[in-house]
Structures are given as structure tokens and as C-alpha cells.
Amino acid sequence: MSRLIVVSNRVSAPKDPASGSVGGLAMALSAALRKYDGLWFGWSGETVEQFTGELNIEDRAGVTVATVDLEPQDVDEYYNGYANKTLWPLFHHRVDLTAYERSYGEGYERTNRRFAEVLQPLIQPDDIIWIHDYHMIPMARDLRRLGVKNRIGFFLHTPWPARQLLVTLPHHRRLVESMFYFDLIGFHTKEWLGLFERYVEVEARGRVSSDHVIEAFGRRVQGGVFPIGIDVEGFLAARDSVLGGKTYDRMAASAAFRSMIVGVDRLDYSKGLEQRLLGFEQFLEDNPAMRGEVFLLQVTPISRDDVDTYQDIRGRLDALAGRINGAYADMDWQPIRYLNRTFRRDQLAGLYRAAKVGLVTPLRDGMNLVAKEYVAAQNPEDPGVLILSRFAGAAEQMGEALLVNPFSREELSEAIKKALTMPLKERIRKWEALMQVVRDTDVGIWRDSYVKALMKVERRADDENIAGAL
């Protein structure tokens, strides 16, 4: 049986699978690697004064992990620079925040080439290689140049940008052309795949078949839609765990018969946090009779705090939450509880279960698994209501949520009121439909469907001869 090699910027294979802090994606990929006797390769997260390519290999709960240290310059240009200051904002349609620095692009190309050179000796002839996310778009091209003929797949966890915005990126054609060295490119949604295909048709004068075989740059690649989900059974077990139950009881008591709205997002401009707080403020203004009866618990762990943009967001959110609380709070009620900390998965499950409304309103998001976690955590006999941005990838599947435009504070206000006053029968009907979606897109189904599709991709003669042609 072929081995599976998973490649990602950071390796998140858990050392203790029983830990409540382990994410569903890490668990699913680790399970696949144990099944296929594979390995997980990526950056160690550590730096060395000079890049050596020396591998660190360890066993993590039955998963072989291979990592490599990078130079500080690699981290600055490849990770902090091109990945997080160029591609991330661009892919989330924030051209105003996108940094176009030549050194970033050069560092991105150099570091991906280094990754390929370190990984290549580990690859066996029958291995299949699955590369993840925007950090490593050129890596298949670099592996092919080293003579690797194996099946190589790519999955993008972010949105794909509209053509009109992608062309603002210097050397955008080179980036897209490098993707044609993969055998299979996976996206979360039909929309993201369609945007990629449209770019190829217009900018590269390529062709797209009805079954999403995409031809351009003298090559062809198979496109596909693979909506990611959560580890449903694992999340239900976390919800029903001792700590999950204690967290639910604690939050129910803390609510003191008030309705809790919950939002859980890492600190990022794509999450629409400022717009969310303004929408909640509009709700308080529009519904004075409901003041004191409802509060918003916003959990926002800090991320990328060394990037100026994120420091600015944090300052604005602190000020906005303080201003709203100052204007509307009473001696025994605070409308917004704003926390900058991380919670375990079982604690989050208890939080979600205690909330009457789940507020998931990113400005643009690849999928957003918080929406699916919120649904999975609910009491089937008295479920809460999910409010979901129409610009999250999850909206394509979760049409029974209350879909909103997160840029409109009035629309957010109206949706919050509708959710809080929705009759039980309608809440149950919506929840049952949404829960079926959650089960149908379980992370294990996502993983297996992608690997199966990659293994079925037809190998082509031009791929077999590529090393000699480059």
C-alpha cells in the first residue's frame, strides 16, 4: 500500500491524542498517516543561524514527524513576509493591507525550494504527497525539478481571490503556473474553484472541462471541491466530557437567566470582529427592552501579535468593547465580555452549548469550522441559532443558518433579534438540517475523499518526463 506524506508549514501531529486541545484536522491527518504508514513534514517552528537542512525525526503517538529548522531570514521573508503579509491579505480580499516586497517573494521561492530539497530524499516511488495551504504553493514544481514523479496533491484552506485582485500580485502568473505541477488541487467550495478556473481562462487563456480538468501553461491539473468539516464524534465526546459539562454548567450559572451570544475567532482582520461589535451595539440601540437580558461573549485568542496590523486591530477592539460597555452597561450587567485567551476543545464545546446564538460573521473565510462546532454542540431538544456570514465558505453548505452581510450593522442587528426570538419548532428544524450537513462533511470523510481522488488521478506522460525537460 502507498504511503501518505502530508506536507504543511507547521506540523501539528499531536503528542497526546487524548488532549482536549487537539484540533480535528490534526487528529484526522494523524489517523490517515497511521493508516497509510506515512509521515508529516514541515517547519519545526525553530530557527538556526545558518540553514543546514538537517532533519529532526520523531514519533508522535504513532505518527512519524520530520521537521527542519529555518534561518531567521527565511522566517522573515517566507512566513512573516510573503505568506502572512502578501498572500493572506490578498486571498482574503484585503489588497489595502497587502505588502508587495520583492524580498518577500524571493524568500518564499527560496524556502519552498529548501523544503523540497530536504523532503525529496525521504520520498519512496509509490508514496502519494499531500501539500497544504498557501505557504507551499510552489513546492510541487520544485519537487518535479528534483525528479519526483509521484502523485502530488494540494489543498487550499483559504479562499481563492477574484481575478481582478489576484492580478495586483507581481508575478501572479508564475505563482499560478506553479500550481499546474500538482495532480489535484482541492478547494473548500465551488466558488473558490470557480474563481481559480476563471483566472486560468482569462489570464492564461486556458481551458476548463465540465469535470474540472484545467489546462494551461502546457500542462493540466484536476480541480475539485472538498468541503472540510470537524471530527464530529470527537467533538460530541468533548461536549459530553466532564470538563465540557462543567463548562456548560459554569456558563449557564454565569448567564444568570440571560441569553448568551457567543463568538470565537482568533484575532484577525478577516474575521469581521469590529463589524460584529458594531452590529451588536446596533442591536442594543434598536432593542432597548432587551438590554440587560442578553450579552455577547467574544473569545479572541491573540495571533501574529508581532505583525503591526494585528497590533492595530487589538487596540481598536479593546477600545470598541470598552466604549460599548461604558455606554450601555448597568451595575449588574455588562453587554460584552471580551476575552483574549485560548480554551480547550471540550471547554469550547460547553461554551457553545450554553449559548442561545452562535455569531460567526467573517468578512471572508475559507470555511470556518466554528460554525460547524457550534451546531454540533447544541442540545437537540433546545438548540441555539447559528448566524453565519454569507462570505464564509461554510455558507455554501449551511443555508439553514441565518445568513447575513457582516458589513451591515443593521442586518446583524435584525438577525440577532430574529435568532433570540425564534420559536422552538423552527430552531429544531434548522438545527436538524444543519447537523446533517455537519455529519455529511465530517473531517474523516473530507480526508478520505481527497486521498481517494488523488490516488485516482491519471498519471500523464508529460509528468513522467518533466525532470528531463526542466
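Two strands are taken to pair if DSSP finds at least two bridges between them. The model shown in these close-up views is predicted.

**Figure 1. An open sheet of six strands with parallel pairing.** The strand order in this sheet is 13-12-11-14-15-16. Strand 13 (336-339) and strand 16 (402-404) form the edges, each pairing on one side only. From one strand to the next, the twist averages 20°.

**Figure 2. Pairing of strand 11 with strand 14, and the helix that lies across them.** Strand 11 comprises residues 259-264 and strand 14 residues 357-360; two bridges join them in the parallel sense. One residue pair can be followed across these strands: Ile 261 has Val 357 in strand 14 as its bridge partner. Helix 13 (residues 370-377) lies across strand 11, strand 14 and strand 15 (385-389). Relative to strand 15, helix 13 runs at about 175°.

**Figure 3. Packing of helix 8 against helix 13.** Helix 8 spans residues 232-239, and its axis is 10 Å from that of helix 13. The two helices pack at an angle of about 55°, which makes helix 8 oblique to helix 13. Their crossing is right-handed. Helix 8 contributes Phe 235, Leu 236 and Arg 239, which meet Glu 373, Ala 376 and Ala 377 of helix 13.

**Figure 4. A network of salt bridges involving helix 2 and helix 3.** Side chains of opposite charge can pair when their charged atoms come close. In the whole structure, a search finds 29 salt bridges. In one of them, Arg 114 is joined to Asp 74, with the closest N and O atoms 2.7 Å apart. Arg 114 belongs to helix 3 (residues 102-119) and Asp 74 to helix 2 (residues 72-91), so this pair ties together parts that are 40 residues apart in sequence. Arg 114 and Asp 74 are both buried. A salt bridge also forms between Arg 110 and Glu 77, whose closest N and O atoms are 3.0 Å apart. Here, too, distant parts of the chain are linked, with Arg 110 in helix 3 and Glu 77 in helix 2, 33 residues apart. Arg 110 is buried, as is Glu 77. Through salt bridges that share partners, Glu 71, Asp 74, Glu 77, Arg 110 and Arg 114 are joined into one network.

**Figure 5. The salt bridge between Arg 276 and Asp 265.** The side chains of these residues meet with an N to O distance of 2.5 Å. Arg 276 is in helix 10 (residues 273-286), whereas Asp 265 is in the loop between strand 11 and helix 10, so the pair ties together parts that are eleven residues apart in sequence. The relative accessible area of Arg 276 is 1%, and that of Asp 265 is 5%. Arg 276 is therefore buried, and Asp 265 likewise counts as buried, because the cut-off for buried residues is under 20%.

**Figure 6. The hairpin of strand 3 and strand 4.** Strand 3 (residues 55-60) and strand 4 (residues 63-70) run antiparallel and are joined by six bridges. Leu 55 stands opposite Val 68 of strand 4. Two residues lie between the strands of the hairpin, in which Ala 61 adopts a positive phi near 50°. Strand 4 also contains Val 65, which counts as buried at 0% relative accessibility. Between Val 65 and Ala 349, which are 284 residues apart in sequence, the C-alpha to C-alpha distance is 29 Å.

**Figure 7. Positive phi values at Asp 133 and His 212.** Asp 133 is a residue other than glycine, yet its phi is positive, near 80°. Asp 133 is placed in the loop between strand 5 (128-132) and helix 4 (139-145). With a relative accessibility of 13%, Asp 133 counts as buried. His 212, likewise a residue other than glycine, has a positive phi near 65°. The loop that holds His 212 runs between strand 8 (207-208) and strand 9 (213-216). The relative accessible area of His 212 is 30%, so this residue is partly exposed.

Key
Residues numbered from 1 in each chain as written. Predicted model: local features only at pLDDT ≥ 70, side-chain atom pairs only at ≥ 80, totals over all residues. Heavy atoms only, no water. Helix = DSSP H or I, 4+ residues; strand = E, 2+ residues; numbered from the N terminus. Axes fitted to C-alpha atoms, helices over the stretch in contact; angles between N-to-C directions. Contact = heavy atoms within 4.5 Å. Salt bridge = Lys/Arg side-chain N within 4 Å of Asp/Glu carboxyl O. Buried < 20%, exposed > 50% of the residue type's maximum accessible area, 1.4 Å probe, protein only. Parallel < 35°, antiparallel > 145°, perpendicular 65-115°, else oblique. Left-handed = near helix turned anticlockwise from the far one by under 90°.
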